[in-house]
Amino acid sequence: MNNRAEQLKAFDRLLTIMDELREQCPWDKKQTMESLRYLTIEETYELSDAILEKDLTEVKKELGDLMLHLVFYSKIGAETNDFDIADVLNGVCEKLIKRHPHIYGDVKINSEEDVKRNWEQLKLKEGNRSVLAGVPKSLPAMVKAFRIQEKVRGVGFDWDDKRQVWAKVEEELQEFQEEFNVAENEKIDAEKAAQEFGDVLFALINYARFINIEPEAALERTNKKFIKRFTYLEAQAQKQGKQLADMTLAEMDVFWEEAKQME
């Protein structure tokens, strides 16, 4: 691994290259924070994919891409005299010191939960009007639900036991079934059914949190597993000269089971 001097030298090299690109490259010169935003989101998801795949070589690459974006935003901020990379880094350093009084002060803690609770209390003291003020509006709904639940737990608004959470899941499932009973084949109130379905998902995400499952990552793994199996099904059908639309579900299920056995 590189020592601190080598790490700082590499960071300085990136800052120098960013200066040169901003001055000399037509594409880099015309970029704004707004034009970079969607690219940053894309890079973040690519990093997420690499983490889920446990591909550390790709993780390293995607971290580099994200680091470039952070330096890019800071360079643009410096050009408008609003902030530069030093302001950005010092800002986060000061925040970390302030929000870790158990490390940089005399506050005593006994657990990770104490750290989270202190963090949220400190944010409120810093001027946040609500514990939930820091949850980005544009987060994907499942991630947002998880973060909301984590944040309110930090101020003590949470269940005491996972059995209580599972009881809530069962309650929400029952309410959803009552609104959308397929067996009776009756016309439903679609809006109310959608609300009940949302309650089911929120309760399941809450239970996942209690048993240390990250729901977004769990669902994405299932997505990838389904895609892999279905792609195998398509390939095998093609080898036999068949079209999926002409096959029975039982015929397709043979290939599906083969794909499962190969995992």
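The largest nonpolar core has seven residues: M18, L36, L39, V71, F72, Y73 and I76. Helices α3 (33-52) and α4 (56-79) are the elements that give two or more residues to this core. Helix α4 gives the most, with four residues. The model is predicted. The protein chain holds twelve helices and zero strands.

**Nonpolar cores**

- In soluble globular proteins, nonpolar side chains tend to be buried together.
- M18 belongs to the largest core. Leaving aside residues up to four places away in sequence, M18 touches D28, L68, V71, F72 and K75.
- Two of those partners, V71 and F72, are listed in the largest core as well.
- A second, separate core has six residues, among them L233, M247, F255 and W256.
- One of these, L233, is also among the buried residues of α11.

**Overall fold**

- Along the sequence, the protein chain reads α-α-α-α-α-α-α-α-α-α-α-α.
- The radius of gyration of the protein chain is 25 Å, whereas a compact globule of 263 residues would have one near 18 Å.
- Along the principal axes, the C-alpha atoms fill a box of roughly 65 × 50 × 40 Å.
- Of the 263 residues in the protein chain, 24% are buried.
- The protein chain exposes about 19000 Å², and carbon and sulfur atoms supply 55% of that area.
- Among contacts with a separation of 6 or more, 56% link residues 24 or more positions apart.

**Helix α11 and R229**

- Helix α11 covers residues 215-239 and includes R229.
- Does the length of α11 agree with 1.5 Å a residue, or what span do its ends show? Its 25 residues should span 36 Å, and the end C-alpha atoms are 36 Å apart, so the two agree.
- The buried residues of α11 are P215, A217, R229, Y232, L233, Q236 and A237.
- An α-helix has 3.6 residues a turn, so residues three or four places apart point the same way.
- The cover over the buried residues of α11 includes α3, α8 (141-153), α10 (190-210) and α12.
- Is R229 buried or exposed? R229 has a relative accessible area of 13%, which is under the 20% cut-off, so it counts as buried.
- Beyond residues up to four places away in sequence, R229 touches W256, A259, K260 and E263.
- One of these partners, W256, is part of the second core.
- Just after α11, G241 takes a positive phi of about 70 degrees.

**Helix α12 and K260**

- K260 sits in helix α12, which runs over residues 249-261.
- K260 is partly exposed because its relative accessible area of 35% falls between the 20% and 50% cut-offs.
- K260 is one of the residues that R229 touches.
- K260 and D161 are 99 residues apart along the chain, and their C-alpha atoms are separated by 35 Å.

**Helix α5**

- Helix α5 takes in residues 85-98, 14 residues in all.
- At 1.5 Å a residue, α5 should span 20 Å; its end C-alpha atoms are 20 Å apart, which agrees.
- A side-chain oxygen of D84 comes to within 3.0 Å of the backbone nitrogen of A86 at the start of α5.

**Loops**

- Most residues other than glycine have a negative phi.
- K54 has a positive phi, near 55 degrees, and is not glycine. Its place is the loop between α3 and α4.
- K54 has a relative accessible area of 64%, so it counts as exposed, the cut-off being over 50%.
- N81 also has a positive phi, about 60 degrees, although it is not a glycine. The loop between α4 and α5 holds N81.
- Is N81 buried or exposed? N81 is exposed because its relative accessibility is 71%, over the 50% cut-off.
- G105 lies in the loop between α6 (101-104) and α7 (112-125).
- G105 is partly exposed, with a relative accessible area of 44%.
- G105 and E258 are 153 residues apart in sequence, and their C-alpha atoms are 59 Å apart in space.

Key. Residues numbered from 1 in each chain as written. Predicted model: local features only at pLDDT ≥ 70, side-chain atom pairs only at ≥ 80, totals over all residues. Heavy atoms only, no water. Expected span 1.5 Å × (residues − 1). Polar contact = N/O pair within 3.5 Å; in protein donor to acceptor, adjacent residues only side chain to side chain. Core = buried A, V, L, I, M, F, W, Y, C linked by side-chain atoms within 4.5 Å. Buried < 20%, exposed > 50% of the residue type's maximum accessible area, 1.4 Å probe, protein only. Contact = heavy atoms within 4.5 Å. Rg over C-alpha atoms; globule rule 2.2 N^0.38 Å. Areas by Shrake-Rupley, 256 points an atom, 1.4 Å probe, with all protein chains shown as cover.
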